[in-house]
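Work through the exercises below with the model open. Each task is followed by a solution in steps.

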Amino acid sequence: MVRPSNLSNLEIRLLCGLVSEALRKSRPSCKVFFAKDPLKIVRAQGQYMFDETGEKYLDCINNVAHVGHSHPYVIKAATKQMELLNTNSRFLHDNLVQYAQRLTATLPEKLSVCYFVNSGSEANDLALRLARQYHGHQDVITLENAYHGHVTSLIDISPYKFNQLGKDSKKEFVHVAPSPDIYRGKYREDHPDPASAYAEEVKKIIEETQKNGRKIAAFIAESMQSCGGQVIPPVGYFQKVAEYVRAAGGVFIADEVQVGFGRIGKHFWAFQLQGEDFVPDIVTMGKPIGNGHPMSCVVTTREIAESFGASGLEYFNTFGGNPVSCAIGLAVLEVIEKEDLQGNATRVGNYLLELLAEQKEKHPLVGDIRGVGLFVGVDLVKDQQKRTPATAEALHLIYKLKEQKILLSADGPHRNVLKFKPPMCFTMENAKHVVEKIDVLLTEIEEATGMKTGNDISANAQCKRKTNEGSSQAEPANESTSCMNGAVCRQENGFYPEKRSVPSKRIIT
């Protein structure tokens, strides 16, 4: 955007606000964070972003700037290579070979062939091509609330997107399995073996598909669902699903676009949480791989790669694997190792989970805390026993945090899960600062809505008095529910006051 020299910062902000409001009213296909009051970010460093007035914001959501915004080592590697050469991968270059070697060294041995591309969407699209070529099958099993990318082939297998288009939007070659969510899903934390139960649902889909004369090409899943609400599959689920899918002639695709490259701390890849006995057939990666530089990768077995080559259709990617991208990819891997960012993810992530667990004990709005490393979700609820999603409250909270210069987002099918996926240089001080602010805001929301907090003295007596004396009675349940399917509740404070039950026992995920 070219700035007219005669306009002040205030005038530009007002103009941007008018444009933003006009776009909002026209329901644009492209949207921005904090649409009611969008940010104009002009620079960033580490885990901080700065707007045009110099205000500093703590970034809790940018998993693309994996090793920190504007990391000098990554910038230096990019600049140095750009000064020498950037060209396509039809020419030999050491960077390509060295990067492929370094990357595959982080993976199980059989995952040994790399295809370098330019985005997570492109990686997942290519993964589908590999899977379908392998045995000539076409059908794909995906998970509820899954999101795998923005291109047509991936919208088709992303319920998070295609469900917005109506009930007839699912294609006949797509089959949706229940999300392995032990907090909100079909089989919960009190089930004796949720991994097997959820895997059996996939097996049923395969059997039904085969009865109808169709064949499974692939099962695809994020190793931990992000847009689906920070869902961590129970251990053993992927192994059982892979067994059923492979028996049907399909392959298992692990989508690591959001959660790979050491974010979970204890492992480099999130699929490794399932155990050493699980190895996917195809792994896709993106977002953090280039620390903001557009690059991605598909890694698979030699057998699958050879079947793809045997199709007779040559594969070529103009920008994938170019020398600059590979130099940047190498630099990111080196920073992760040299700065012990994987260890930092474990230490800071554990501390963040401890702090949030304390909030769960204190606040009835907090239904569940789940996560590993620096991938953490806070499930906000109106009622801990019914687990009613607190959508409006979550939206209110993230806007209030923004006012306090903290950037956090809410996602999940009900938009009620606070998502932590910050740059990997996030510190314990950052975690403490954010949770302290969340604590204050949760208290304010609970007081405004008449919810009972863990700090209340003689809570039962107080609640009874409030119910008898209070001028505002609870709204009917159907009004509260319908509010959550819209954007923000239409009341002035954004909430419907309701009677609340005693918080349920703490749930460990």
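**Exercise 1. A helix pair**

Which residues in helix 12 meet which residues in helix 13? Then classify the packing of the two helices.

Solution. The model is a predicted one.

Step 1. Find the contacts. From helix 12 come Glu393, His396, Leu397, Lys400 and Leu401, and they meet Lys437, Ile438, Leu441, Leu442 and Ile445 in helix 13.

Step 2. Take the geometry. Helix 12 covers residues 391-403 and helix 13 covers residues 428-449; they pack at an angle of about 135°, and their axes are 10 Å apart.

Step 3. Apply the cut-offs. Angles over 145 degrees count as roughly antiparallel and 65 to 115 as roughly perpendicular, with oblique for the rest once those under 35 are set aside as roughly parallel. Helix 12 and helix 13 are therefore oblique to each other.

Step 4. Add the hand. Helix 12 and helix 13 make a right-handed crossing.

**Exercise 2. The sheet of 4 strands**

Give the strand order of the sheet with 4 strands, and state which strands stand at its edges.

Solution.

Step 1. Read the order. The sheet is open, its 4 strands follow the order 1-2-3-14, and the pairing is mixed.

Step 2. Identify the edges. Strand 1 (41-45) and strand 14 (406-407) each have a single partner strand, so one side of each is left without a neighbour in the sheet.

Step 3. Examine the pairing of strand 14. Strand 3 (residues 56-59) runs parallel to strand 14, and 2 bridges join them. Across this pair, Leu58 stands opposite Ile406 in strand 14.

**Exercise 3. The sheet of 7 strands**

Describe the sheet with 7 strands and the helices that lie against its strands.

Solution.

Step 1. Read the order. This open sheet has 7 strands in the order 4-10-9-8-7-5-6, with mixed pairing. Strand 4 (113-117) and strand 6 (174-177) are the edge strands, and each pairs on one side only. From one strand to the next, the twist averages 20°.

Step 2. Examine one pair. Strand 7 (residues 216-222) and strand 8 (residues 251-255) are parallel and share 5 bridges. Ala218 has Val251 in strand 8 as its bridge partner.

Step 3. Place helix 7. Helix 7 (residues 194-211) packs on the sheet and touches strand 5 (139-143), strand 6 and strand 7; its direction makes about 155° with that of strand 6.

Step 4. Place helix 9. Helix 9 (residues 302-309) lies across strand 4, strand 8, strand 9 (282-285) and strand 10 (296-300), and runs at about 60° to strand 4.

**Exercise 4. Positive phi outside glycine**

Where do Ser70 and Arg387 lie? Decide for each whether the residue is buried, partly exposed or exposed.

Solution.

Step 1. Check the backbone. Ser70 is not a glycine, yet its phi is positive, at about 50°. Arg387 also has a positive phi, near 60°.

Step 2. Locate the residues. Ser70 is in the loop between strand 3 and helix 2 (72-84). Arg387 is in the loop between strand 12 (375-383) and strand 13 (388-389).

Step 3. Apply the cut-offs. Buried means under 20% relative accessible area and exposed means over 50%. Ser70 has a relative accessible area of 36% and is partly exposed. Arg387, at 10%, is buried.

**Exercise 5. The whole chain**

Summarise the protein in totals.

Solution.

Step 1. Count the elements. The protein has 15 helices and 16 strands.

Step 2. Take burial and surface. Of its 509 residues, 53% count as buried. The protein exposes about 23700 Å², of which carbon and sulfur atoms supply 51%.

Definitions and conventions: Residues are numbered from 1 along each chain as its sequence is written. This is a predicted model: local features need pLDDT of at least 70, side-chain atom pairs count only at pLDDT 80 or more; totals for chains, interfaces and linings use all residues. Side-chain values use heavy atoms; hydrogens and water are left out. Two strands pair if DSSP finds at least two bridges between them. Axes are lines fitted to C-alpha atoms, for helices over the stretch in contact, and angles run from 0 to 180 degrees between N-to-C directions. Contact means heavy atoms within 4.5 Å. Buried means under 20% relative accessible area, exposed over 50%, partly exposed in between (1.4 Å probe, protein chains only). Accessible areas come from the Shrake-Rupley method with a 1.4 Å probe; for residues, only the protein chains shown count as cover. A crossing is left-handed if the near helix is turned anticlockwise from the far one by less than a right angle, and right-handed if clockwise.
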